[in-house]
Amino acid sequence: MTLYAAFASNLDPNLMSERCPYSPLRGTGWIAGWRLTFGGEELGWEGAMATVVEDPADPANQVFVALYDVHPKDVERLDDWEAIDQGVYSKIQVRVQTLDGEQLAWMYVLNAYEGGLPSARYLGILAEAAEAAGAPDDYVADIRSRPCQSSGH
């Protein structure tokens with residue numbers, strides 16, 4: 001499967017074009033019954049890292065994603081970026097709701113317990129990436145309003 005659903009910094013099409021130059025943006029959508037959260041604070045990148053968890057109990061839970069057609073040349077580059085070989089993230093398949101109907105895509109989820117605070121800088125990166133991908137203003141505002149560490153240390 002080559003359709004990738006990005007929910008964190010890879011939401012940004014400009015950033016993704018640098019990381020994966022052969023993998024164009026196909027569109028955007030929502031993963032219903034999931035929520036954006038953070039974990040793996042002990043793994044290190046300025047605090048907790050973004051992930052998604054399934055949470056169908058609240059129908060309002062959904063995660064905005066950008067969909068990319070990932071070319072085979074870019075799969076290894078993306079896996080390296082997400083530290084698959086180090087066990088930081090794993091790939092799963094999800095159903096994405098788009099204006100063209102439901103699409104199957106793969107995404108990365110963190111192999112760590114939920115909890116911990118991301119850095120303010122990291123939240124800013126995530127919010128800017130969501131804006132660049134065309135996320136609704138209220139979704140971006142929710143990211144910006146999350147609790148965070150004031151410094152990366």
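**Pockets, core and loop residues of the predicted model**

The residues that line the largest pocket divide into 15 nonpolar, three polar and two charged. This description refers to a predicted model, in which the largest pocket has a volume of about 450 Å³. Its lining is made up of 20 residues, and those that lie nearest the centre of the pocket are Ser9, Trp81, Glu82, Tyr89 and Tyr122. Among the elements that contribute to this lining, H1, S4 and H3 each supply at least two residues.

The second largest pocket holds about 190 Å³ of space, and its lining consists of five nonpolar, two polar and four charged residues. The residues in question are Trp30, Arg35, Leu36, Ala60, Asn61, Gln62, Val63, Asp138, Tyr139, Asp142 and Arg146. At least two lining residues come from each of S3, S5 and H4, and H4 provides the largest share, with three residues.

The largest nonpolar core of the model comprises 47 residues, of which Tyr4 and Phe7 touch the most other members. Strands and helices both take part in this core, since at least two of its residues are supplied by each of strand S1 (3-6), strand S3 (34-39), strand S4 (49-54), strand S5 (62-69), strand S6 (89-98), strand S7 (101-110), helix H3 (120-132) and helix H4 (137-144). When neighbours within four places in sequence are left aside, Phe7 is in contact with Leu36, Ala50, Thr51, Val52, Val63, Phe64, Val65, Met107 and Tyr108. Leu36 and Val63, which are in contact with Phe7, also appear in the lining of the second largest pocket.

Three loop residues were then considered individually. Asn10 is located in the loop between S1 and H1, and it counts as buried because its relative accessibility is 2%, where the cut-off for a buried residue is under 20%. Beyond its neighbours within four places in sequence, Asn10 is in contact with Tyr4, Met16, Arg19, Tyr68, Leu78, Trp81 and Glu82. Of these contacts, Trp81 and Glu82 are also among the residues nearest the centre of the largest pocket. Asn10 and Leu78 stand 68 residues apart along the chain, and their C-alpha atoms are separated by 9.7 Å.

Ser23 occupies the loop between helix H1 (13-19) and strand S2 (25-32). Ser23 is likewise classed as buried, because its relative accessibility is 5%. With neighbours within four places in sequence set aside, the residues in contact with Ser23 are Tyr68, Asp69, Val70, His71 and Asp74. For Asp74 there is, in addition, a polar contact between its side chain and that of Ser23, at 2.7 Å. Tyr68 is in contact both with Ser23 and with Asn10.

Glu46, by contrast, lies in the loop between S3 and S4 and is partly exposed, because its relative accessible area is 21%, a value that falls between the limits of under 20% for buried and over 50% for exposed residues. The side chain of Glu46 is joined to the side chain of Ser119 by a polar contact of 3.0 Å, and it makes a further polar contact, of 2.8 Å, with the side chain of Arg121. The C-alpha atoms of Glu46 and Leu117 are separated by 9.1 Å, although these two residues are 71 residues apart along the chain.

Terms used. Residues numbered from 1 in each chain as written. Predicted model: local features only at pLDDT ≥ 70, side-chain atom pairs only at ≥ 80, totals over all residues. Heavy atoms only, no water. Core = buried A, V, L, I, M, F, W, Y, C linked by side-chain atoms within 4.5 Å. Buried < 20%, exposed > 50% of the residue type's maximum accessible area, 1.4 Å probe, protein only. Helix = DSSP H or I, 4+ residues; strand = E, 2+ residues; numbered from the N terminus. Contact = heavy atoms within 4.5 Å. Polar contact = N/O pair within 3.5 Å; in protein donor to acceptor, adjacent residues only side chain to side chain. 1 Å grid on protein atoms, 1.4 Å probe; cavity = no way out; pocket = protein on both sides within 12 Å on 5 of 7 lines; lining within 4 Å. Points joined across faces, edges and corners; volume = space filled by probe spheres on them. Nonpolar A, V, L, I, M, F, W, Y, C, P; charged D, E, K, R; others polar.
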